[in-house]
Amino acid sequence: MAGVLARSMLNLARRPSLMVSTMRGAQKMMADPMEHATGLERKELEAIAKGNPDPFQMSVQKKGAGTRDSPTLVPSFHEMRLVGCCCHEDTFYVNFLWLYKGDNKRCECGHWYKLIEAKDPFK
Ligand SMILES: [Zn+2]
């Protein structure tokens, strides 16, 4: 193995110049992602093109009132969802808690959350 590696290095060192391959002057661009996207990726790109920048509702949401009577609503496509609560502005950590449908939950900071059914972004 070491002999093969040494021979390869020696062969590389003997070459007079570096060999590269380029397509200079070719008027080719990267393909449009919409042309080769399929499945959920394509649906996501179509939703973004229609003006919905967050079809899967993955962006950071602002907290609501967060009281027991008026909890912050968290949309979900499933029976449960993991939520990260930035309890205070000055903290450097996030408290994570599981939310289940029909079961409002209170974070350690006292903020209440409620899981609701998410709307289908592709209809
Ligand atoms: Zn919290």
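1. A residue counts as exposed here if 12 or fewer other C-beta atoms lie within 10 Å of its own, and as buried if 20 or more do. M80 has 12 C-beta neighbours inside 10 Å, so M80 counts as exposed. Keep that cut-off in mind for the points below. Note also that this is a predicted model.

2. Overall make-up. The protein has 3 helices and 5 strands. Along the sequence the pattern reads α-α-α-β-β-β-β-β. The chain has 123 residues, and 3% of them count as buried. Contacts were also sorted by separation along the chain. Among those with a separation of 6 or more, 39% join residues 24 or more positions apart.

3. The three-stranded sheet. One open sheet contains 3 strands, in the order 1-5-4, and its pairing is mixed. Its edges are strand 1 (72-76) and strand 4 (105-106), each of which pairs on one side only. Strand 1 runs parallel to strand 5 (residues 112-117), with 5 bridges between them. For a specific pair to look at, take P75: its bridge partner in strand 5 is I116.

4. Strands 2 and 3. These two strands pair in the antiparallel sense, over 6 bridges. Within this pairing, G84 stands opposite F96 of strand 3. How many of the 6 residues of strand 2 are buried? The number is 0, so strand 2 lies largely in the open.

5. M80. This residue belongs to strand 2. Leaving aside residues up to four places away in sequence, M80 touches W98, L99 and Y100. M80 can also be placed against G102, which is 22 residues away along the chain; their C-alpha atoms are 9.8 Å apart. As said at the start, M80 is exposed, with 12 C-beta neighbours inside 10 Å.

6. H88. Where does H88 sit? The residue is in the loop that joins strand 2 (80-85) to strand 3 (95-100). Is H88 buried or exposed? H88 has 8 C-beta neighbours inside 10 Å, and therefore counts as exposed. Its C-alpha atom lies 8.1 Å from that of C109, although 21 residues separate the two along the chain.

7. D54. The loop between helix 3 (39-49) and strand 1 holds D54. Within 10 Å there are 13 other C-beta atoms, so D54 is partly exposed. Look back to helix 3 for a partner to check: E44 is 10 residues from D54 along the chain, and the two C-alpha atoms are separated by 8.4 Å.

8. Q57. This residue is also placed in the loop between helix 3 and strand 1. Its backbone deserves a look. Most residues other than glycine have a negative phi. Q57 is not a glycine, yet its phi is positive, near 50°. What is the exposure of Q57? Q57 is partly exposed, because 15 other C-beta atoms lie within 10 Å.

9. K123. Which part of the chain holds K123? K123 lies in the segment after strand 5. Only a cut-off is needed for its exposure: 12 or fewer C-beta neighbours means exposed. K123 has 4 other C-beta atoms within 10 Å, so K123 is exposed. Across 76 residues of chain, the C-alpha atoms of K123 and A47 are separated by 9.7 Å.

10. Points to check on screen. Begin with the sheet of order 1-5-4, and follow the parallel pairing of strand 1 with strand 5. Then turn to the antiparallel pairing of strand 2 with strand 3, and to H88 in the loop between them. Finish with the positive phi of Q57.

Key
Residues are numbered from 1 along each chain as its sequence is written. This is a predicted model: local features need pLDDT of at least 70, side-chain atom pairs count only at pLDDT 80 or more; totals for chains, interfaces and linings use all residues. Helices (H or I, at least four residues) and strands (E, at least two) are DSSP runs, numbered from the N terminus. Two strands pair if DSSP finds at least two bridges between them. Two residues are in contact if their C-beta atoms, placed from the backbone, lie within 7 Å.
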